[in-house]
Amino acid sequence: SLGRPWATGLEVQLSFLQDPVVLGLQFGAKTSADDGSTWGSAALGAVFVASRQITLGASASLSVPVGQAGAPAASLGLRVRYALDLEARREVEARANLGVSGEAVWLGLHLVLEGRAS
């Protein structure tokens, strides 16, 4: 992958489906062109499909500097998605994320409304 600020990265993702649960694993590395830092990462996610309309998810991730000093970063996330209209693909999603890196701690709360025009 490429992005700005300029960085290159490589990820491997694995998914396992055991109805009604989907598990995902992700491993990767990213190098920043700005400062030459390299970070390794690992993530684990699980989604429970409660019904056609409701899914519940949880995730955890860890990023660590490779070959240089730096504080690792970790995050935990929860999400609930509800389909308002299956045919029109309208849905609402609530997410909460907690992140920690060194002494910094942050909380993210998101409410997303998605849909497609007919």
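Strand S4, which covers residues 38-49, and strand S5, which covers residues 54-65, are a good place to start: 11 bridges join the two, and they run antiparallel. Keep in mind as you look that this is a predicted model. S4 and S5 make up a hairpin, with four residues between them. To see the pairing at the level of single residues, find Ala 42, whose bridge partner in S5 is Leu 62.

From S5 you can step on to strand S6, made of residues 73-85. Here 10 bridges hold the pair together, and again the strands run antiparallel. Ala 60 marks the spot well, since its bridge partner in S6 is Leu 76.

Now go back to S4 and look toward the N terminus. S3 and S4 are joined by 11 bridges and run antiparallel. In this pairing, Gln 26 stands opposite Ala 43 in S4. The two strands form a hairpin with five residues between them, and in that hairpin Gly 36 takes a positive phi near 75°. Some background helps here: most residues other than glycine have a negative phi.

One more step takes you to strand S2. S2 and S3 pair in the antiparallel sense, this time over 12 bridges. They too form a hairpin, with two residues between the strands. Within the pair, Phe 16 has Leu 23 in S3 as its bridge partner. Take a moment over the loop between S2 (7-18) and S3, where you will find Pro 20. The peptide bond that leads from Asp 19 to Pro 20 is cis, with omega near 15°. As a rule, most peptide bonds are trans.

With these pairings in mind, let us visit a few residues one by one. Gln 26 is found in strand S3, which spans residues 21-32. Is Gln 26 buried or exposed, or partly exposed? Its relative accessible area is 24%, so Gln 26 counts as partly exposed. Leaving aside neighbours within four places in sequence, Gln 26 is in contact with Glu 11, Val 12 and Gln 13, and also with Ser 41, Ala 42 and Ala 43. For a sense of distance, compare its place with that of Gly 67: the two residues are 41 apart in sequence, and their C-alpha atoms are 21 Å apart in space.

Ser 32 lies in strand S3 as well. Its relative accessibility is 18%, and because buried means under 20%, Ser 32 counts as buried. Not counting residues up to four places away in sequence, Ser 32 touches Trp 6, Ala 7 and Ser 37.

Next, follow the chain to Asn 97, which is found in strand S7, residues 90-101. Asn 97 has a relative accessible area of 29% and is therefore partly exposed. Which residues is Asn 97 in contact with, leaving aside its neighbours within four places in sequence? They are Leu 76, Gly 77, Trp 106, Leu 107, Gly 108 and His 110. Asn 97 can also be set against Asp 19, a residue you met at the cis peptide bond. Asn 97 and Asp 19 are 78 residues apart along the chain, and their C-alpha atoms are separated by 26 Å.

Finally, step back and take in the protein chain as a whole. It has zero helices and eight strands. Read from the N terminus on, its elements run β-β-β-β-β-β-β-β. The radius of gyration is 17 Å, well over the 13 Å that the globule rule gives for 118 residues, so the chain is more spread out than a compact globule. Along its principal axes, the C-alpha trace spans about 50 × 30 × 30 Å.

A few totals complete the picture. Of the 118 residues, 13% count as buried. The chain exposes about 8500 Å², and carbon and sulfur atoms supply 62% of this area. Among contacts between residues at least 6 apart in sequence, 29% join residues at least 24 apart. As for charge, the chain has 9 positive and 10 negative charges, and the mean positions of these two groups are 6 Å apart.

Technical notes:
Residues numbered from 1 in each chain as written. Predicted model: local features only at pLDDT ≥ 70, side-chain atom pairs only at ≥ 80, totals over all residues. Heavy atoms only, no water. Rg over C-alpha atoms; globule rule 2.2 N^0.38 Å. Buried < 20%, exposed > 50% of the residue type's maximum accessible area, 1.4 Å probe, protein only. Contact = heavy atoms within 4.5 Å. Areas by Shrake-Rupley, 256 points an atom, 1.4 Å probe, with all protein chains shown as cover. Lys, Arg positive; Asp, Glu negative; His and termini not counted. Charge placed at Lys NZ, Arg CZ, Asp CG, Glu CD. Pairing = 2+ DSSP bridges.
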